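Me: I have a structure to go through for class. Can we take it piece by piece?

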Amino acid sequence: MKNCHRFFSNSECEYFPCHKTDRPEEFNCLFCYCPLYFFEDCGGRFKMRKGVKDCTDCLIPHAPKGYDYIIERLKKRADEARQAQKKSD
(Lines give C-alpha, C1' and ligand atoms only; values in the text may rest on other atoms or scores of the structure.)
Protein backbone atom coordinates (compact mmCIF):
# COMPACT_ATOMS: atom_id res chain seq x y z
CA MET A 1 0.00 0.00 0.00
CA LYS A 2 3.04 2.26 -0.23
CA ASN A 3 2.25 5.89 -1.08
CA CYS A 4 -1.43 5.55 -1.93
CA HIS A 5 -4.35 7.76 -0.82
CA ARG A 6 -4.51 5.92 2.55
CA PHE A 7 -0.82 5.68 3.34
CA PHE A 8 2.23 7.79 2.68
CA SER A 9 5.63 7.35 4.23
CA ASN A 10 8.22 10.09 4.02
CA SER A 11 11.28 8.41 5.46
CA GLU A 12 13.45 11.19 4.04
CA CYS A 13 11.80 13.80 6.28
CA GLU A 14 14.21 15.22 8.84
CA TYR A 15 11.64 14.47 11.58
CA PHE A 16 10.86 10.89 10.50
CA PRO A 17 9.48 9.32 12.53
CA CYS A 18 8.10 12.20 14.55
CA HIS A 19 6.82 9.82 17.25
CA LYS A 20 8.59 6.88 18.86
CA THR A 21 7.76 3.63 17.09
CA ASP A 22 9.09 0.11 16.86
CA ARG A 23 7.69 -0.21 13.34
CA PRO A 24 8.91 2.69 11.18
CA GLU A 25 7.95 0.75 8.04
CA GLU A 26 4.28 1.10 9.10
CA PHE A 27 4.54 4.76 10.08
CA ASN A 28 1.98 6.75 8.10
CA CYS A 29 2.92 10.37 7.36
CA LEU A 30 -0.33 11.12 5.49
CA PHE A 31 -1.72 13.02 8.47
CA CYS A 32 1.48 14.81 9.42
CA TYR A 33 -0.73 17.21 11.36
CA CYS A 34 -3.69 15.42 12.89
CA PRO A 35 -7.09 16.59 11.57
CA LEU A 36 -8.54 15.74 14.98
CA TYR A 37 -6.25 18.07 16.91
CA PHE A 38 -9.02 20.57 17.65
CA PHE A 39 -11.54 17.93 18.71
CA GLU A 40 -12.01 18.15 22.46
CA ASP A 41 -12.25 14.36 22.56
CA CYS A 42 -10.13 13.11 19.68
CA GLY A 43 -9.76 9.64 21.15
CA GLY A 44 -5.99 9.88 21.23
CA ARG A 45 -3.41 9.81 23.98
CA PHE A 46 -2.68 13.46 24.63
CA LYS A 47 -1.74 15.64 27.56
CA MET A 48 -2.59 19.26 28.09
CA ARG A 49 0.51 21.34 28.77
CA LYS A 50 -0.09 25.01 29.56
CA GLY A 51 -3.31 24.97 27.52
CA VAL A 52 -1.72 23.26 24.51
CA LYS A 53 -2.49 19.74 23.41
CA ASP A 54 0.68 17.61 23.45
CA CYS A 55 0.15 14.60 21.19
CA THR A 56 3.64 13.17 21.54
CA ASP A 57 2.31 9.86 22.89
CA CYS A 58 -0.41 9.44 20.26
CA LEU A 59 0.11 7.33 17.17
CA ILE A 60 -3.49 7.26 15.86
CA PRO A 61 -2.81 9.31 12.70
CA HIS A 62 0.36 7.33 12.00
CA ALA A 63 -0.95 3.80 12.68
CA PRO A 64 -2.02 1.35 9.96
CA LYS A 65 -5.74 1.82 10.79
CA GLY A 66 -5.39 5.51 11.59
CA TYR A 67 -6.77 6.64 8.23
CA ASP A 68 -10.04 4.76 8.79
CA TYR A 69 -10.35 6.04 12.35
CA ILE A 70 -9.81 9.67 11.34
CA ILE A 71 -12.16 9.54 8.37
CA GLU A 72 -14.91 8.00 10.53
CA ARG A 73 -14.48 10.69 13.20
CA LEU A 74 -14.58 13.46 10.57
CA LYS A 75 -17.72 11.99 8.98
CA LYS A 76 -19.39 11.75 12.38
CA ARG A 77 -18.53 15.39 13.16
CA ALA A 78 -19.86 16.47 9.75
CA ASP A 79 -23.11 14.55 10.35
CA GLU A 80 -23.50 16.18 13.77
CA ALA A 81 -22.97 19.63 12.25
CA ARG A 82 -25.57 18.93 9.54
CA GLN A 83 -28.08 17.75 12.14
CA ALA A 84 -27.48 20.85 14.27
CA GLN A 85 -27.92 23.06 11.21
CA LYS A 86 -31.23 21.37 10.35
CA LYS A 87 -32.50 21.94 13.89
CA SER A 88 -31.60 25.62 13.77
CA ASP A 89 -33.26 26.21 10.37
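What follows is a short chat about the helix, the core, the pocket and a few single residues.

Me: What kind of model is this, and how are residues numbered?
Reply: This is a predicted model, where local features need pLDDT of at least 70, side-chain atom pairs count only at pLDDT 80 or more, and totals for chains, interfaces and linings use all residues. Residues are numbered from 1 along each chain as its sequence is written, and side-chain values use heavy atoms, with hydrogens and water left out.

Me: OK, helix H1. Why does its length agree with what it should span?
Reply: H1 covers residues 66–88, and at 1.5 Å a residue its 23 residues should span 33 Å, which agrees because its end C-alpha atoms are 33 Å apart. The expected span is 1.5 Å times one less than the number of residues. Helices (H or I, at least four residues) and strands (E, at least two) are DSSP runs, numbered from the N terminus.

Me: Which residues in H1 are buried?
Reply: Gly-66, Tyr-67 and Ile-70. Buried means under 20% relative accessible area, exposed over 50%, and partly exposed in between, using a 1.4 Å probe and protein chains only.

Me: And Asp-68, also in H1?
Reply: Asp-68 is partly exposed, at 35% relative accessibility.

Me: Which residues make up the largest nonpolar core?
Reply: Six residues: Phe-31, Leu-36, Phe-39, Cys-42, Tyr-67 and Ile-70. Such a core is a set of buried Ala, Val, Leu, Ile, Met, Phe, Trp, Tyr and Cys residues joined through side-chain atoms within 4.5 Å.

Me: What does Leu-36 touch?
Reply: Not counting residues up to four places away in sequence, Leu-36 touches Cys-42, Lys-53, Tyr-69, Ile-70, Arg-73 and Leu-74. Contact means heavy atoms within 4.5 Å.

Me: Different topic. Where is Lys-50, and is it buried or exposed?
Reply: Lys-50 is in the loop between E1 and E2. Lys-50 counts as exposed because its relative accessible area is 87%. Lys-50 also has a positive phi of about 55°, although it is not a glycine.

Me: What about Val-52 in strand E2?
Reply: Val-52 is partly exposed, with a relative accessible area of 46%. Leaving aside neighbours within four places in sequence, Val-52 is in contact with Tyr-37 and Lys-47.

Me: Which peptide bond is cis?
Reply: The one from Phe-16 to Pro-17, with omega near -20°. Pro-17 is in the segment before strand E1 (47–49).
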